[in-house]
Every structure is written in structure tokens, then in C-alpha cells.
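Trainee: Could you walk me through one part of this model up close? I'd like to see how a single helix sits in its surroundings, and then how the rest of the chain fits around that.

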Amino acid sequence: MRITFLGGLGEIGRNCMALEQDGRIVIVDAGLMFPEPEMYGVDLILPDFTWLLERRDRVDAIVLTHGHEDHTGALRYLVGNVNVPIYGSALTLGFARHRLSEARLARELSFIEVADGERRRIGPFDVEFIPVTHSVPSAHALAIHSAAGIIVHSGDFKFDLMPIDGRRSDLSRLAALGDEGVVLLLADSTNAEEPGFTPSESSVGAALRRVFLERPERRMVVACFASHIHRVQQIIDVALEQGRRIALMGRSMEANVKLARKLNLLHVDSAHFIDVENIVRYQPGEVCVVCTGSQGEPLAALAKLSRGDQRFMKVADEDTVVLSSHPIPGNEWSVGRVIDDLHRAGAEVIHSGVEPVHASGHARQGELRTLQQLVRPANFVPIHGEYRHMVHHRNLAHSMGLTPRHTLLCEDGDQIEVSGGAIRRAGEVPAGLHYIVGEAGEIDDRPIEERRMLAEHGAVQVSAGVDAQRGVLVSPVRVSARGWFDTESDRKLLAALGEEIREALEKGLEAGERDEAALNKLAQRAAGRMLGQRFRRQSVVLCAIAVF
Ligand SMILES: [Zn+2]
Ligand SMILES: [Zn+2]
């Protein structure tokens with residue numbers, strides 16, 4: 001039994017792993033990650049599927065733990081090559097199918113719905129779907145019954161004992177698996193640095209109710225993740241208690257609410273909804289807007305509202321905007337800008353730093369200890385986290401009695417083998433970041449690195465002409481820069497650079513070099529050497545040395 005970690009170990013995002021036995025493979029999750037701000041022009045980041053695609057004939061299925069994008073968002077880039085049945089809860093598959101049909105891929109695929117607690121033969125394994133609570137309904141942990149023993153994959157989870165749909169994590173099943181003997185536990189490390197227990201989702205409803213009750217005359221605009229159906233339910237419930245009408249704003253909010261109502265996971269009568277166009281017909285105190293964009297996404301509803309770009313509604317003094325969310329690392333700046341613009345428009349803004357209007361969907365140390373205690377695994381590998389989260393999670397497992405011999409810190413690309421009740425490292429596979437850029441699709445990282453250099457250090461253009469017969473420069477070496485500062489020192493540096501390149505070219509010509517490509521390389525190297533070593537600049541150098 002072998003496990004290959006393809007993403008999510010060392011970052012929050014692009015979760016994906018492959019479970020392999022007797023040459024057959026089952027994939028668990030295929031997620032995407034959002035780029036950092038300095039990854040200029042990158043829209044999405046995927047796992048590296050090279051290893052998987054080389055073995056596509058051996059893949060039997062894709063199993064989804066839950067419907068979040070960091071677990072399902074890479075499907076559309078995978079299923080074109082690996083067309084196998086996709087397993088998951090009705091809501092998980094509903095979200096995935098919606099995304100895939102946007103990309104016109106859903107029709108040829110087979111989606112297999114599983115119920116809570118169900119156990120199914122999938123490829124070489126028996127896979128059991130154990131209900132867990134998380135920030136999206138119908139999430140599952142997995143118990144994978146393999147020839148090497150039972151492997152428990154926590155999925156993304158927290159142990160919410162007061163979930164608003166009453167569907168609790170199945171702690172007793174986890175404990176029963178512990179009694180049977182679990183050879184390996186793989187568990188969510190996102191909040192492993194945080195002591196205590198993650199507050200229940202129902203605590204957010206209470207905070208929202210207080211915020212609403214204090215503002216009966218104001219128009220309420222609440223932003224949250226569109227997939228967070230329970231949050232949406234609580235916002236709607238609080239708004240309806242005050243007799244407000246509900247307006248949904250944002251494409252994914254409308255689509256997800258529709259799907260969740262169809263699956264009976266969101267309970268609200270259609271009479272309570274109004275169209276966005278009609279918001280202005282109501283008094284502020286009669287309306288609650290539920291919208292997307294809580295992460296500051298520039299094209300989402302909240303950012304449009306903050307900039308005054310929404311066609312049917314302008315945010316003003318009578319509005320209170322609630323960000324029922326917490327910025328994902330990397331999004332703080334965009335969220336800050338949206339909050340600023342909302343203030344500029346005159347709105348009052350309430351976020352999780354001011355009122356407890358958000359609760360995480362991930363287990364803190366208290367719940368992680370509870371999981372260890374219930375499952376009592378023989379071996380443990382932390383997953384789903386940045387490196388420090390996984391280190392803290394491993395240390396927590398040690399403090400719960402596991403010896404270092406029975407834990408492994410793995411990263412993307414690592415393979416482990418499970419046999420004879422033990423785990424050991426079994427190799428490495430390619431696992432670099434895979435970039436998606438708009439219509440261009442997948443690209444390698446070289447242009448991204450160049451864009452970073454351009455952004456930070458600008459570009460230098462070098463041109464000169466060479467008389468091949470006489471072996472001399474026929475014109476002075478011309479250098480110009482883009483994105484440099486117009487300062488005395490930069491001008492001097494540029495002139496010195498021209499001199500340096502001239503000397504390098506002349507030396508090359510003296511040595512008999514006439515080849516245009518070789519001379520360009522000489523100039524390039526001389527420029528790079530001087531800029532990099534002497535001035536610590538990584539400007540992009542464009543050489544045009546012409547040989548006549
Ligand atoms: Zn996740
Ligand atoms: Zn999740």
C-alpha cells in the first residue's frame with residue numbers, strides 16, 4: 001500500500017493524494033490554490049499531475065472529501081485525461097458538477113453519490129464515508145480499508161457539537177475504528193498552532209443576531225463564502241426574524257443557494273427573496289443583501305459594491321457591511337482595500353476582528369487531540385497545512401504518545417509505504433507548482449520568475465552592431481532601461497553597464513568570436529554579472545547585438 005502526496009502538504013491549497021495498492025490507484029481530492037500577489041498574471045495553481053498522468057490507466061476513481069475549491073478545483077484539469085467515476089456526497093458532487101459544467105466537462109463523467117456512513121468498494125479499497133463538521137455541509141472523513149490495514153483520512157474537519165443542521169461528526173465511529181486498529185492517520189493541520197477548541201458554527205448566529213438587532217433601521221449587507229451554506233442559513237434566519245427581504249448578490253452565491261435548497265440543505269421560502277434590481281424599492285431596514293467577495297476578490301460582488309460598480313445598489317451611510325469571514329493568508333491586503341473603500345462610501349463595516357461574526361471550519365489543538373485519542377493510530381502523517389502547521393501537528397501527536405518512529409513529516413511529492421503496521425518513505429515524484437494563466441492554460445514557472453524580476457528590477461535593453469570582417473564594433477553599445485529610477489546613480493550605473501558590455505564584446509571579438517548568438521550571450525552574461533554581483537539587481541536584460 002503506497003500513498004503519494006501530490007499537493008496540500010506545505011501549503012493551504014491544491015490538496016491531492018494518490019492511494020495505490022496492487023498497481024491500482026484511487027485519487028483523494030483534486031484541489032487548486034490561489035496565487036500569491038507576486039505571481040503576476042497567474043490565475044490558479046494546480047498540483048503537478050505528471051506522475052498521475054503517466055499512470056492514468058491504473059486510476060480507478062476520484063474520491064472527494066468535501067466541496068471546497070482547494071479539494072475540487074483542479075478536477076476540470078484532471079478529468080479530461082483521467083475519466084473515472086467521482087465519489088462524494090450529494091452537495092460535494094453538486095458543487096463539483098456545477099464547476100465542471102461551466103467548463104463543459106460534466107456530461108461525460110460519472111458521479112457517484114455516497115451517503116453518510118456508507119462503505120463502498122472503490123478500486124482495490126473499501127472506502128467508508130464518515131460524517132464530519134466543517135465550513136461546508138456534507139463533509140466526510142474517510143476510512144480506507146486496505147490490505148495494509150485501516151487508514152483514516154480526516155478530511156477538513158472540526159468537531160462542532162452544535163452544528164446548525166444537527167449533523168455531527170461521527171465520533172463513535174472514529175472510536176470504533178480505533179478499537180479495530182488504525183495503521184495510519186492523516187489529518188488536517190490548518191489550525192494546529194491554535195490552542196483550545198474552534199467555536200461552534202452556531203456561535204456565529206448569535207453574534208450576527210446581536211449585530212442585526214442593534215441596527216433595525218440600517219440596510220445589512222453580509223459577505224461570506226458562497227459554499228458556506230450553514231452561514232448563509234444563519235444570516236437568512238436572522239434577517240427574516242427582523243422581517244427583512246433577502247437579496248442574493250454574486251453568481252456563485254445564487255448558484256449555491258439554488259443547489260442547497262434543492263438538496264434540502266438550506267431552508268428558506270422563495271417568497272422571502274427579492275431581485276437585486278428591486279433593492280432600492282425597499283427601506284434600508286427591510287433588506288438584507290447576502291453576497292460573495294468576503295476574501296476581497298476584485299471581481300466579486302463585495303468589491304464591486306465597495307467601488308460603486310454595482311448597477312442596482314450603491315453603498316452609502318445607511319449601510320452596515322458585515323464580513324462574515326477571515327482572510328485566507330495572502331488575501332489580507334485585498335480585503336483591507338475593500339474595507340477601506342466601503343468606509344470611503346460611508347458604510348459601517350463589521351468584520352471578525354471587531355465582532356465574532358466568523359468561526360473557522362478547522363480543528364484546533366483540542367479537537368486534534370480528541371481525534372488522536374479516538375483513533376489511536378499506529379502511525380501518523382500530518383496533512384493539509386503550511387510546513388509549520390504540520391510540524392506543530394506532529395509535535396501534538398508526540399505529546400499524545402506516538403513516538404517519533406511512528407510519525408513522518410511529508411511534503412508535496414513524497415511517497416510513503418504502509419506495510420507490516422509501519423510506515424516508511426518510499427520515494428519522490430514531481431510536485432512543483434503548476435500555473436494556470438487565463439486562456440493560455442498551463443504554463444511553466446519561467447515567465448512568472450521573469451515577471452517578478454521585471455516588477456522588482458525593471459528591464460535593460462542593449463544594442464550594438466559588429467563588423468564581422470574587421471572584428472570591431474561599428475556603433476557604440478547603446479543601453480537603455482525601463483522601470484529604473486531617473487536618478488544620478490541609476491544613470492551612472494547604466495553608462496558603466498554600457499562600458500562593461502563593450503569591453504566584453506571587444507574581448508570576444510579579439511579572440512575571434514563572430515557568431516551572433518555567442519556574442520549576444522557574452523553581452524548578456526557581462527550585463528548579468530555586473531548588475532547581479534555588484535549592484536544586486538535582477539533586471540531582465542534584452543540584448544540585440546547584430547553582426548553584419
Ligand atoms: Zn481544505
Ligand atoms: Zn475545506
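Mentor: Here is a look at one helix, α4, followed by the chain around it.

Keep in mind that this is a predicted model. Helix α4 covers residues 90–102, so find that stretch on your screen by its numbers, using the DSSP runs as your guide. The helix has 13 residues, and from its first C-alpha to its last it reaches 18 Å. That is close to the 18 Å expected at 1.5 Å a residue.

Now check what is tucked away. The buried residues of α4 are Leu91, Thr92, Leu93, Gly94, Phe95, Ala96, Arg97 and Leu100. Notice that the list includes Arg97 and Thr92 along with the likes of Leu91 and Phe95. In general, an α-helix has 3.6 residues a turn, so residues three or four places apart point the same way. Try that idea on the list as you turn the view.

What do these buried residues pack against? Among the partners are two other helices, α2 (69–72) and α3 (75–78). The strands β6 (86–88) and β7 (111–113) are partners as well, and so is helix α8 (251–262). Once you leave the helix, look at Arg104, which follows α4 and has a positive phi, near 55 degrees.

Let's use α8 as a stepping stone. Asn264 is in the loop between α8 and β15 (287–291). Its phi is positive too, near 65 degrees, in a residue other than glycine. Asn264 counts as exposed because it has 8 C-beta neighbours inside 10 Å, and the cut-off for exposed is 12 or fewer. Arg376 gives you another positive phi in a residue other than glycine, near 40 degrees. You'll find Arg376 in the loop between α11 (365–375) and β18 (380–383). With 18 other C-beta atoms within 10 Å, Arg376 is partly exposed.

Next, step back to the whole chain. It has 15 helices and 26 strands, and its C-alpha trace spans about 85 × 70 × 45 Å along the principal axes. Of its 548 residues, 46% are buried. Among contacts with a separation of 6 or more, 72% are between residues 24 or more positions apart.

The domain assignment splits the chain into domain 1 (2–196 + 360–440), domain 2 (201–351) and domain 3 (458–547). The C-alpha centres of domain 1 and domain 2 lie 31 Å apart. Their contact takes 20 residues from domain 1 and 19 residues from domain 2. On the domain 1 side, the touching residues divide into 11 nonpolar, 6 polar and 3 charged.

The largest nonpolar core has 136 residues, and Ile27, Val63 and Val290 touch the most other members. This core draws at least three residues from each of domain 1 and domain 2. Val290 is a good one to click on: leaving aside neighbours within four places in sequence, its contacts are Val222, Val232, Ile235, Ile236, Ile246, Leu248 and Met253. There is also a second, separate core of 20 residues, including Val462, Ala523, Ala526 and Ile545.

Val63 also turns up as a contact of Val127, together with Arg120, Ile122, Leu142 and Ile144, not counting residues up to four places away in sequence. Val127 is in strand β9 (residues 125–132). With 25 other C-beta atoms within 10 Å, Val127 is buried, since 20 or more is the cut-off.

For a strand that is mostly covered, go to β12 (residues 182–188), where 7 of its 7 residues are buried. Strand β11 (residues 149–153) runs parallel to β12, and 4 bridges join the two. Within that pair, Ile151 stands opposite Leu184.

Finally, compare a loop residue. Ile328 is in the loop between β16 (319–323) and α10 (332–344). It counts as partly exposed because it has 16 C-beta neighbours inside 10 Å. Ile328 touches Ile12 and Gln295, not counting residues up to four places away in sequence. Ile328 and Phe34 are 294 residues apart in sequence, yet 9.9 Å apart in space, C-alpha to C-alpha.

Terms used: Residues are numbered from 1 along each chain as its sequence is written. Chains are lettered from A and ligands numbered from 1 in the order in which they are written. This is a predicted model: local features need pLDDT of at least 70, side-chain atom pairs count only at pLDDT 80 or more; totals for chains, interfaces and linings use all residues. Domain bounds come from an automatic or database domain assignment. Two residues are in contact if their C-beta atoms, placed from the backbone, lie within 7 Å. Ala, Val, Leu, Ile, Met, Phe, Trp, Tyr, Cys and Pro count as nonpolar, Asp, Glu, Lys and Arg as charged, and the others, Gly among them, as polar. A nonpolar core is a set of buried Ala, Val, Leu, Ile, Met, Phe, Trp, Tyr and Cys residues joined through C-beta atoms within 7 Å. The expected span of a helix is 1.5 Å times one less than its number of residues. Two strands pair if DSSP finds at least two bridges between them.
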